[in-house]
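Here are a few short exercises to work through with the model open beside you. Try each task before you read its solution.

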Amino acid sequence: MRYLKILEYALASLLRRPGKTCAILVVYTLMIVVLASVLFLTQALKTEATAMLAGGPQLVVQKTMAGRHELIPVAEVERLVDIPGVKEVKPRVWGYYYDALTGTNYTLQGFDTSASELSLLDGRLPREEGECAIGAGVAGSRLIHLQDDLILIDYDNIGRIFTVTGVFVSKADVLTQDLVVMPEGPLRQFFGMPESLATDLAVEVYNPNEVDTIANKIKRALPDSRPITQSELLRTYHAVFDWRGGMMLALFSSALMAFCILAWDKATGLSAGERREIGILKAVGWDTGDVLLLKLWEGLALSLLAFLSGCLIAFLLVFWWGAPLLGGILRGWSVLFPALRPTPFIDFYQLGTLAFLTIVPYVASTVIPAWRAAVTDPDEVMRAS
Amino acid sequence: MIRSRTYLCLIILLLAALAGLTGWAQKTSAAFLADGLPARRQLVSVLSLTDLALWTEARYTRHPSMADLFSPFQDHPAAFDHFPAGSLMTPVGPRPTTTLHIRRLAQP
């Protein structure tokens, strides 16, 4: 009951300064919204990317020449298959295509036609020359649908017509938005890539624990190659979506700094009115502990309200409305950026860290100056103010 | 006591809403892992994909994991990148699992 009464007094005290309280609450909530949104979005994208891309090749071998990626001879497959522990080596054929008509870049990906059908494809995979499957972004930019024709200009500047046999469903946008998929043979013809060369080689190994050892053996067998393991690939995405790094933090660090200045301003001194209030409370019989409890409740009441409503707004913004504000920053100059529909993976550890880093400094900045005023003589406090 | 009771009710309401949404998030992510993920992994496996189709403006933003090691920061490691997406990527330095120190034998 005593705590409830102190909370009642703390709320009354906050409501006596409605303008100041409202301003702090709005800034505090906005800062939590921004930080929690970045946290929710990056955590969701990172977890989703890691889970999905774990299905990709265990090892990709690129050839490098003069420090740059080069096409790799398909004959190297024989050398790699002989390395103990290697299960299978498949040449990959893929490349880029700039569509001057729509000003967009497509990724053209070849695949093995013996592959089974895909559940995320509306229609079927292309089987022969003159057929392709496309991502929703390509279909949208070219305004084409299933069984329509897609005209692309090949390496020899000749227009080639492909019938769209499949369009990837929107659930797969984050993987297929800009993809144009066709069998390897026709893609080689389109790029003018000889049969003896491939973009890179995908290596599967029997024991996933041996990937690093096999990568070392490949590097020794082909000194001009660059083996990229799946763990390196996933680490790249961890670095990309690492919420601590990059532009998002640079943008939001200014908001964080503004809040720190606000907290610092509060911590360095109380207003004359607040000091007088503490003096009067002590004069009418409140002890130092009660005054500190009052100030703790004041800070906690504001912090809890700001933190909970900030997290709630951030959650709805990211997972309900598809991160309309952050999506714009993430999008950059990408023309075919897919609509963000992140799966809500929430990391409670990060949320706890956010709570600790925002609530504790604010409450401390409320209590510490009050403690300084509360330990001095009430008469002195009232006379000084 | 009306203010404190109203405030506590509001906090409980916000906590309940957040707990409800968190429960929904747990359910949705579990459903994604059980139903949605196998189909996406099949797609990644069949097409042998290595990267997300998020940033299509440059080779090194479309396939960050496949790009030349120096591509994302072509001008200078600390220079501003040409593309906004490039600014989202932090340069990943070498992280060797083992290191070898080789020294010349001292002349007798």
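**Exercise 1.** Work out how helix α2 (residues 18-53) of chain A sits against helix α1 (residues 2-47) of chain B in this predicted model.

*Solution.* Two packed helices are described by the angle between their axes and the distance between the axes. Start with the distance: the axes of α2(A) and α1(B) come within 8 Å. Next, the angle: they cross at roughly 60 degrees. That crossing makes α2(A) oblique to α1(B). Now look for the residues that touch. On the α2(A) side you'll find A:Ala51, A:Met52 and A:Leu53, and on the α1(B) side B:Leu37, B:Arg40, B:Arg41 and B:Val44. Sort them by class and you get five nonpolar, no polar and two charged residues.

**Exercise 2.** Find which element of chain A gives the most residues to the side that touches chain B.

*Solution.* First, get the overall count: 68 residues of chain A are in contact with 49 residues of chain B. Then list the elements giving two or more residues to chain A's side, among them α1 (2-15), α2, β6 (104-111) and α11 (288-320). The top contributor is α11(A), with eight residues. Finally, split chain A's side by class: 41 nonpolar, 19 polar and eight charged.

**Exercise 3.** Describe how domain 1 and domain 2 of chain A meet.

*Solution.* Begin with the bounds: the domain assignment gives domain 1 as 2-52 + 241-384 and domain 2 as 58-229. Their centres, taken over C-alpha atoms, are 48 Å apart. Five residues of domain 1 are in contact with nine of domain 2. On domain 1's side of that contact, the split is five nonpolar, no polar and no charged.

Definitions and conventions. Residues are numbered from 1 along each chain as its sequence is written. Chains are lettered from A and ligands numbered from 1 in the order in which they are written. This is a predicted model: local features need pLDDT of at least 70, side-chain atom pairs count only at pLDDT 80 or more; totals for chains, interfaces and linings use all residues. Domain bounds come from an automatic or database domain assignment. Two residues are in contact if their C-beta atoms, placed from the backbone, lie within 7 Å. Ala, Val, Leu, Ile, Met, Phe, Trp, Tyr, Cys and Pro count as nonpolar, Asp, Glu, Lys and Arg as charged, and the others, Gly among them, as polar. Axes are lines fitted to C-alpha atoms, for helices over the stretch in contact, and angles run from 0 to 180 degrees between N-to-C directions. Helices (H or I, at least four residues) and strands (E, at least two) are DSSP runs, numbered from the N terminus. Angles under 35 degrees count as roughly parallel, over 145 as roughly antiparallel, 65 to 115 as roughly perpendicular and the rest as oblique.
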